[in-house]
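Student: I'd like to go through this structure with you, starting with the ligand's surroundings. Shall we take a look?

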Amino acid sequence: MALYDTIGRTYAQTRSSDPRIAAKLLEILMSRQASTIVDIGAGTGSYALVLAEHGYRVLAVEPSATMQSQVIAHPAIEWIEGYAENLPLFNQSADAAIIMLALHHFQNYQQALYEVHRVTGGGQIVLFTYDPAMISEFWLTKYFPSFVKDIESTFLPIPQLAAVIQAVTGMRVSVVPFPLPQDLSDAFAAVGWARPELYFNSIVRHGISSFAKITDEELQQGLSSLREDLEMGVWEQKYGQLRQLKEYDVGYRFLYTIAAS
Ligand SMILES: C[S@@+](CC[C@H](N)C(=O)[O-])C[C@H]1O[C@@H](n2cnc3c(N)ncnc32)[C@H](O)[C@@H]1O
């Protein structure tokens, strides 16, 4: 059974596309002429839907039936059950690929990248991912310390990831930091960087895979220390300046290939 069949039951309730992330994705894709885009690990299709609404044809590849049961149908999106490591698609089926916060879940990311390169026929590959070198700086890990190990063992260091993409595709890779807006609408792990109260919402936590991996003891302990720190003004004293910022670089990155001109 795919991991997201168990942890993804309420995913669509909290993980809608964020318009700022979507705008950046569209901007990157528009710099190349693509009409069919394959979305690998498409989840509940929130970014596939944005692409479809902007005139792209989308091949959305997703292994989890639970995730697919939550999609909003669109005539320009074709849903395909499958895994990134063995894409059920012909060579050059798409002009470009997107992988949004999904590569760290793949069993074999290198094989997946070869597959993506094959089905895009050397077209552009765009990834949205996280820089694990940044995790220990994020205040949330003071309450949930095992997040550090989890993130460091699941996300590839950015220079290593860029080098692998370059080796697989033969294309240069651009890395662009993506500071998160304070009112981020796609509630992934750092959604509450300036809104700690969000982590008390169990539906928000259910949409975040790192929370699915911690023990109940660590969860209860972390939540009660966070609650206490908020009530006593300790959180405000240590991190409250974050509430004044409109955006903050927690460590999210766009990586995309650039064809030789
Ligand atoms: C965090 S979700 C991201 C979903 C979507 N891209 C988004 O941004 O909302 C990760 C997705 O990757 C999928 N996934 C996990 N392993 C996969 C694999 N080997 N091949 C393709 N997708 C996979 C999961 O089922 C899940 O839907």
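Student: How do the residues of the shell around the ligand divide into nonpolar, polar and charged?

Tutor: Happy to help, and keep in mind that this is a predicted model. The ligand is surrounded by 19 residues, with Gly41, Glu62, Ala84, Glu85 and Met100 the closest. By type, the shell splits into 12 nonpolar, 5 polar and 2 charged.

Student: Which residue places a side-chain N or O atom 2.9 Å from a nitrogen atom of the ligand?

Tutor: Let's go through the polar partners. Ala84 uses a backbone N or O atom, 2.8 Å from a ligand nitrogen. Met100 also offers a polar backbone atom, 2.9 Å from a nitrogen atom of the ligand. The side-chain N or O atom at 2.9 Å belongs to Glu85.

Student: How much of the ligand's exposed area does the protein bury?

Tutor: The ligand takes up the space of the largest pocket. On its own it exposes 590 Å², and the share buried by the protein is 95%.

Student: Among the aromatic pairs, why is Tyr130 with Phe155 classed as it is?

Tutor: The count comes to 20 aromatic pairs. This one joins distant parts of the chain, Tyr130 in strand β5 and Phe155 in the loop between α8 and α9, 25 residues apart. The ring centres lie 5.7 Å apart and the planes meet at 70°, which is over 60, so the pair is edge-to-face.

Technical notes
Residues are numbered from 1 along each chain as its sequence is written. This is a predicted model: local features need pLDDT of at least 70, side-chain atom pairs count only at pLDDT 80 or more; totals for chains, interfaces and linings use all residues. Side-chain values use heavy atoms; hydrogens and water are left out. A residue is near a molecule or strand if one of its heavy atoms lies within 4 Å of it. A polar contact is a pair of N or O atoms within 3.5 Å; within protein, one must be able to donate a hydrogen and the other to accept it, and residues adjacent in sequence count only if both atoms are side-chain atoms. Accessible areas come from the Shrake-Rupley method with a 1.4 Å probe; for residues, only the protein chains shown count as cover. On a 1 Å grid over the protein atoms alone, a cavity is a set of points where a 1.4 Å probe fits but cannot get out, and a pocket is an open set with protein on both sides within 12 Å along at least five of seven lines; lining residues have an atom within 4 Å of a point. A molecule sits in a cavity or pocket if more than half of its atoms lie within 2 Å of its grid points. Ala, Val, Leu, Ile, Met, Phe, Trp, Tyr, Cys and Pro count as nonpolar, Asp, Glu, Lys and Arg as charged, and the others, Gly among them, as polar. Rings of Phe, Tyr and Trp (its six-membered ring) pair if their centres lie within 6.5 Å; planes under 30 degrees apart count as stacked, over 60 as edge-to-face and the rest as tilted. Helices (H or I, at least four residues) and strands (E, at least two) are DSSP runs, numbered from the N terminus.
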